[in-house]
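I opened my notebook to look up a few things in this structure. Cavities, cores, one helix and the cysteines are on my list.

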Amino acid sequence: MFERKIYRPDMLKCALCSDAPCSKACGKIDCAALLRSVWFDDEKAAAARFPGENPCLSCSAPCESACVRALEVPIKELMTRLHDEVKPELEIAAPTDESLLRTELCGVPLENPFLLSSSVVASTYDMCARAFDAGWAGAAFKTICSLDIHEASPRFSAITGDNGSIIGFKNIEQLSDHSLAENMAIFRELKKNYPTKFILASLMGQNEQEWEELSRMCEENGADAVELNFSCPNMAEGGLGSDIGQVPELVERFTAAAKRGCKIPVLAKLTPNVARMSPAAEAAKRGGADGIAAINTIKSIAGINPHTYVSAPAVHGMSAVGGYSGNAVKPIALRFIAELGQNPALAGMHLSAMGGVENWSDALEFILLGAGSVQVTTAVMQYGYRIIDDLKAGLNFYLAEKGFRSVDEARGLALSSVSETTDVLERDTVIYPKFHREKCIGCGRCEISCADGGHQAIRLGEDRKPRLDAKKCVGCHLCVLVCPQRAITSSRTRVSKP
């Protein structure tokens with residue numbers, strides 16, 4: 001079985017530069033693109049496109065000196081590991097085309113399953129055009145409306161990891177601040193210049209007449225489908241956005257109104273600020289929706305400043321509950337997509353999933369739970385449209401490696417393994433952890449966690465290597481998760497409980 005050779009901690013200092021100096025200094029390989037692939041869990045596809053000979057062997061590593069964090073990123077070592085350790089274990093060559101990624105959204109062809117989600121990343125002609133040029137299959141344009149939108153400043157805040165990368169992201173942004181005429185002109189120009197790209201027009205009305213009229217306008221001006229925003233948590237006026245998504249009767253009524261206005265597919269974008277999403281999804285289907293988009297952001301407060309006592313983002317001494325997104329919300333998003341994917345009443349509806357997608361394997365998880373397309377915003381805000389390269393390359397390589405003939409063949413394969421309760425789980429055996437002593441550095445983190453958060457089954461020997469007391473171990477695998485060296489894994493052997 002393939003084991004990852006390079007992990008994100010190995011390259012934490014990499015800034016993922018724009019127009020990276022390391023690649024310019026090298027001149028032999030695009031080391032910046034390869035580093036980015038490793039960052040986005042795409043090391044197999046990166047190794048597959050690595051040159052036959054390793055140009056780093058006799059190199060003085062000018063890439064490392066040119067790095068904006070000079071000599072802090074072990075570029076030569078990382079490139080050598082890609083060539084010498086990862087590449088020899090590859091079972092297939094890199095696919096020569098992207099035909100495996102082709103799919104459709106409610107009958108409309110998509111060149112790949114990746115769309116920009118409705119947000120600032122798809123809010124102007126220029127932005128969408130650059131994204132399309134980069135390789136995105138389409139975009140859900142920032143929600144159009146007849147409201148007079150005035151945004152606050154600042155309007156973003158984030159929870160960050162050890163290296164400063166965004167884990168969770170909060171926004172208090174609202175809808176498109178362009179006029180209806182401006183947005184319709186953008187749709188026409190995009191469809192004229194990018195006829196094969198998918199334009200998903202997100203919209204929000206204030207009443208049935210507006211939902212109907214907006215959907216009609218979007219179709220007349222080139223949209224391939226409309227997405228009904230029943231889920232924005234940041235509306236200044238009550239009775240809009242997520243206030244609608246929490247009331248199935250309103251979802252049904254306004255979906256039906258939008259369907260009266262157009263003949264193109266209609267997706268209802270639903271709020272996660274509910275216990276279950278199925279009631280609203282079933283209401284959308286009764287209203288005529290062709291698909292469901294989920295999830296939108298989660299209502300949140302992202303910390304309190306201990307000196308000003310104001311939450312972020314602070315706007316003149318005040319803040320507000322806002323929408324939370326980013327990789328931190330992915331488990332919640334997966335749970336809702338699984339719920340929708342398992343609901344027989346929704347069979348045949350397209351699921352367009354979003355919520356924490358950063359890399360191809362994140363996207364694959366949604367596909368395995370029934371999604372037919374995947375939307376992305378927060379990762380683009382952090383890393384740029386360029387992430388589409390690794391989204392496509394990683395998923396394409398996976399599909400080829402597994403022998404799939406199309407991405408559609410992977411859709412829903414994980415649904416049968418998911419249960420909403422733990423009652424179905426086998427509880428008569430234990431899977432013990434396996435210690436890889438050659439990787440162990442003797443830090444004792446496993447001992448501490450097992451003693452204070454587990455079952456006191458691990459102690460360090462005189463050599464500072466862990467020893468397991470099998471009589472006490474319950475196979476919880478907390479030690480596997482906390483080991484900073486990844487020197488503990490599952491033994492994959494089931495043992496009957498004592």
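**Cavities**

I looked for enclosed spaces first. The structure, a predicted model, holds five cavities of 30 Å³ or more. I noted the volume of the largest cavity, about 530 Å³.

Which residues lie nearest the centre of the largest cavity? I found Ser118, Ser119, Asn296, Thr297 and Thr377 there, among 38 lining residues.

Next I checked which elements build this lining. Four strands and one helix each supply at least two residues: strand 4 (138-144), strand 6 (166-171), strand 12 (322-325), strand 14 (373-376) and helix 14 (378-383). Helix 14 gives the most, with four residues.

I then sorted the lining of the largest cavity by residue type. I have 15 nonpolar, 19 polar and four charged residues.

**Nonpolar cores**

In soluble globular proteins, nonpolar side chains tend to be buried together. I looked for such groups here. The largest nonpolar core has 124 residues. Met79, Trp136 and Leu395 touch the most other members.

I followed Leu395 outward, leaving out residues up to four places away in sequence. Leu395 touches Leu101, Pro113, Phe114 and Trp360. Leu364, Ile367, Asp390 and Val407 are also touched by Leu395.

I also found a second, separate core of 13 residues. Tyr432, Phe435, Ala487 and Ile488 are among its members.

**Helix 11**

I picked helix 11, residues 278-286, for a closer look. Which of its residues are buried? I listed Ser278, Ala280, Ala281, Ala283 and Ala284.

I asked what covers these buried residues of helix 11. The cover includes three helices: helix 9 (242-245), helix 10 (248-261) and helix 12 (330-342). Strand 9 (266-269) and strand 10 (291-294) are also part of the cover.

Just after helix 11 I came to Gly288. Its phi is positive, about 110°.

**Cysteines**

A disulfide is a covalent bond between the sulfur atoms of two cysteines. How many disulfides does the structure hold? I counted zero.

I checked two cysteines in turn. Cys31 is in no disulfide. The nearest cysteine sulfur belongs to Cys22, 3.8 Å away, whereas a disulfide needs the two sulfur atoms within 2.5 Å. Cys31 is buried, with a relative accessible area of 1%.

Cys128 is in no disulfide either. For Cys128 the nearest cysteine sulfur is that of Cys218, 13 Å away. Is Cys128 buried or exposed? I have Cys128 down as buried, with a relative accessible area of 1%.

Methods: Residues numbered from 1 in each chain as written. Predicted model: local features only at pLDDT ≥ 70, side-chain atom pairs only at ≥ 80, totals over all residues. Heavy atoms only, no water. 1 Å grid on protein atoms, 1.4 Å probe; cavity = no way out; pocket = protein on both sides within 12 Å on 5 of 7 lines; lining within 4 Å. Points joined across faces, edges and corners; volume = space filled by probe spheres on them. Nonpolar A, V, L, I, M, F, W, Y, C, P; charged D, E, K, R; others polar. Core = buried A, V, L, I, M, F, W, Y, C linked by side-chain atoms within 4.5 Å. Buried < 20%, exposed > 50% of the residue type's maximum accessible area, 1.4 Å probe, protein only. Contact = heavy atoms within 4.5 Å.
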